[in-house]
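Colleague: I am new to this structure and would be grateful for a close look at a single part of it. Please choose a pair of packed helices and then place the pair in its wider setting.

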Amino acid sequence: MIHGTPQTGQAPWRAELAAAVCDPEELLRALALPEDLLPAARRAHRLFPVRVPRAYLARILPGDPRDPLLRQVLPLDLEEVAAPGYSKDPVGDLGAQAVPGVLHKYEGRALLTTTGACAIHCRYCFRRHFPYAKANAARDRWRPAISHLANDPSIREVILSGGDPLMLGDDKLGALTRALEGVPHIKRLRLHTRVPVVIPNRVDEGLLDWLGRTSLPVVMVLHANHAREIDEAVAGACERLRKAGVTLLNQAVLLAGVNDDVQTLAELSERLFEAGVLPYYLHMLDRVEGAGHFAVDESCATGFLEALRARLPGYLVPRLVREEAGATAKLPVLAVGAGASCR
Ligand SMILES: *Cc1c(COP(=O)(O)O)cnc(C)c1O
Ligand code: SF4
């Protein structure tokens, strides 16, 4: 979903972005995967296009169709399966826009959808059907978005989301934060981003310079689902962010075939901590059309959490939550009895 062609003299992360694998055939070839996956991959690619940055591709083990990192990015025939209860807008975002680009569902926090673009396309994403072109504060719609925030003194925290806010250049981020800094009741800036995990060189001098300049405390909620997503380059990016004073948290999605077992979840928490990141949320999958094969049973999920609590310090246990349209917060998922057949 990147528009325009890269220019010369650009930041290395932009070249990395431009070099991402966006073709299902190339993805299969690069990872030595069976050719018979291609017809289905092509069809699913038409529903939601493939996008895998090279830095992420390099962490996938070749030749294994069940690799947990691959599973997050490989289009499958399973995406064509219609599942009851799955919709195009499972969390009610389309009805929650206060003004274009502003989602104000929770008290004190407003979320800005700054751009529709992402550095990676995650097959389970609840935004795979979201009409970003129509709901995007970046397309000179910042003015109404900012004035909505400025006119509501109950808003204390602004969350930059998307898409992924770190797809914006540092100049745009700088302009946006300067406008937010001018609103006295805004006390915190939060970014929800997967970019430092999938293109760690995005955390460059320009970004750190912007972070160093803003007077707002910055919280960055990263998105990694598996310990193997956090290699040395990602850990380095996290260290640079922490040195710039950023508070680092992680949200993961509980995904069948990716991280739906206690050992994998425990390793994720441990690896996050090594990189200076605390686990924040573990989300139940949003029921978005085409992602039903990633669903994990609630009773399994609560069982995993109980087992995690038994073996990790409390601060390494994420909060298991689900999102419900119309709710006033993310809802905690509570134990509902023994799971039928959990991993
Ligand atoms: C998830 C979300 C938030 C943030 O919720 P926290 O519980 O504060 O992390 C804020 N606004 C919207 C619309 C959200 O979906
Ligand atoms: S980076 Fe986040 S918003 Fe973008 S496709 Fe992945 S899960 Fe969705």
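**A helix pair and its setting**

Modeller: The helices α10 and α11 are oblique to each other, because angles that are neither roughly parallel, roughly antiparallel nor roughly perpendicular are counted as oblique. The model is a predicted one. Helix α10 covers residues 262-274 and helix α11 covers residues 298-311; their axes come within 10 Å and cross at roughly 50 degrees. Two packed helices are described by the angle between their axes and the distance between the axes. To these values the handedness may be added: the crossing of α10 past α11 is right-handed.

The residues in contact can be named on each side. From α10 come V262, Q263, L265 and A266, and these meet F304, A307, L308 and R311 of α11. Sorted by class, this contact comprises six nonpolar residues, one polar residue and one charged residue.

As for the wider setting, the protein is divided into domain 1, residues 12-80, and domain 2, residues 94-332. A distance of 23 Å separates the C-alpha centres of domain 1 and domain 2. Domain 1 gives 30 residues to the contact between them, and domain 2 gives 33 residues.

A ligand site may complete the picture. Around ligand 2 stand C118, I120, C122, C125, R194 and H223. By class, the shell around ligand 2 has four nonpolar residues, one polar residue and one charged residue.

Definitions and conventions:
Residues are numbered from 1 along each chain as its sequence is written. Chains are lettered from A and ligands numbered from 1 in the order in which they are written. This is a predicted model: local features need pLDDT of at least 70, side-chain atom pairs count only at pLDDT 80 or more; totals for chains, interfaces and linings use all residues. Side-chain values use heavy atoms; hydrogens and water are left out. A residue is near a molecule or strand if one of its heavy atoms lies within 4 Å of it. Ala, Val, Leu, Ile, Met, Phe, Trp, Tyr, Cys and Pro count as nonpolar, Asp, Glu, Lys and Arg as charged, and the others, Gly among them, as polar. Axes are lines fitted to C-alpha atoms, for helices over the stretch in contact, and angles run from 0 to 180 degrees between N-to-C directions. Helices (H or I, at least four residues) and strands (E, at least two) are DSSP runs, numbered from the N terminus. Angles under 35 degrees count as roughly parallel, over 145 as roughly antiparallel, 65 to 115 as roughly perpendicular and the rest as oblique. A crossing is left-handed if the near helix is turned anticlockwise from the far one by less than a right angle, and right-handed if clockwise. Contact means heavy atoms within 4.5 Å. Domain bounds come from an automatic or database domain assignment.
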